[in-house]
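Dear colleague,

I am passing on a structure that I would like you to look over. The model itself comes just below, and my notes on it follow.

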Amino acid sequence: MAGLAAAAIIVPQVLSGDSSPHAISAGESPSGVGGIGGIGGEAFRDTDTSTTTVNTRTVLLAAAKVSTEEPAGSGKFWYSRVRTTQLVQVAPDEYAAKIKKLLAEQDAKKEKLKNKPDELNAAMKEFDKKVHELKTTRLPYAASRSETTDTWRSLGGAAGRRVTGLDVKISFATPADEAKWKQAGSPRLADDPSGSRETLPTGVVSIDNPSLTWSNVAKLPTDKQRLKDRLLSLHKKSPTSGKKQLADYLWQTGADLLTAPITPGTRAALYQVLADSASGLKSSTGVTDALGRTGVALDTTGPDDAGEAGRITYRLIFDDKTGKALELDVIEAGTAMPLLQQTFETTGYVDALGDTPAQ
């Protein structure tokens, strides 16, 4: 789950010497999914009382069945339009001022204690502690930053395109949170939304599986046992496999693959593999994503940064009529907004850069 949570959560860059907070991407986004936070794209939704907890294995096997009924697609590029919303962890200007002050104090300590290694080492540990506290102290109000990203990933040897920073918006969990922000002087919470930028997308689908690329995932097995064997082999080779239980690895990799150009047969086999490892997973029907689309939520939990178990919920919402992924959420217990949310507005094959799939 670490790949998903780390995906695009705003954290300050200190070791690089850059004092501004950035959206950190592993390969370009949380895991390989093009980015996972208010909801409706803009504010965290309340618990939906219309949802119903159901047998997870049954739901996954049903998803496998509908996946086989979906037509296969093809094209030179895999296009995705993703709305990413993430909790604002720091106000950039306030953080920059505080980290600049800490760095100045650190330089002074280095000079003063340069001939006293023990005292200098203790001072550096104290500096690291203060930086950690600065990075992990939450704002006194809940706000999120949303933006849309259009990506064309080449499925052959051509260059792709990734346009970020579209429709940037700041939202608050409640009017009271916005009032607290104004009382704090209305600090800047995001980069200037006046323009977007283009980059080349990376070729890796999942940070847990460097060998899975956008151009080869369509060749994954369509038989359950063969796909399971392949995933077990990948788990053993994964750079993070030693830190993850197999069930966690399968959930994360499954979420990555469900947003990639896999065939309907592979999608069906993947749901069957997940059904066999459904222990610890919770599923609910009648769940709506940020666009109001209804589907099935597949949840698993993990510890927070402090190691407290069950504090973080990782949620995949998929369309139970097609088996396709709709949204990925990372939610911390007791928070008014998700840490991270990725809503897959449009995905599909196209033959040229700039084209979008027919709806």
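Angles between helix axes that are over 145 degrees count as roughly antiparallel. In this predicted model, helix H2 (residues 56–68) and H8 pack at an angle of about 170 degrees, with their axes 8 Å apart, and H2 and H8 are therefore roughly antiparallel to each other. Among the residues that meet across this pair are Leu-60, Leu-61 and Ala-64 in H2, and Ala-268, Tyr-271 and Leu-274 in H8.

Helix H6 (residues 224–237) has 14 residues, which at 1.5 Å a residue should span 20 Å, and its end C-alpha atoms are indeed 20 Å apart. The buried residues of H6 are Leu-227, Leu-231, Leu-234 and His-235; because they cover an arc of only 105 degrees around the axis, they sit on the same side of H6. Their cover includes strand S9 (209–213), helix H7 (246–258) and helix H8 (264–276), whereas Arg-226, Lys-236 and Lys-237 are exposed on the other side of H6. At the start of H6, a side-chain oxygen of Asp-223 comes to within 3.2 Å of the backbone nitrogen of Gln-225.

Two backbone angles may also deserve your attention. Most residues other than glycine have a negative phi. Asp-167, however, which lies in strand S6 (residues 161–172), has a positive phi of about 50 degrees, and Asp-167 counts as exposed at 55% relative accessibility. Ser-186, in the loop between helix H5 (175–183) and strand S7 (197–199), likewise has a positive phi, near 50 degrees, and is partly exposed, with a relative accessible area of 34%.

Best regards

Methods. Residues numbered from 1 in each chain as written. Predicted model: local features only at pLDDT ≥ 70, side-chain atom pairs only at ≥ 80, totals over all residues. Heavy atoms only, no water. Helix = DSSP H or I, 4+ residues; strand = E, 2+ residues; numbered from the N terminus. Expected span 1.5 Å × (residues − 1). Buried < 20%, exposed > 50% of the residue type's maximum accessible area, 1.4 Å probe, protein only. Arc of directions from axis to C-beta. Contact = heavy atoms within 4.5 Å. Polar contact = N/O pair within 3.5 Å; in protein donor to acceptor, adjacent residues only side chain to side chain. Axes fitted to C-alpha atoms, helices over the stretch in contact; angles between N-to-C directions. Parallel < 35°, antiparallel > 145°, perpendicular 65-115°, else oblique.
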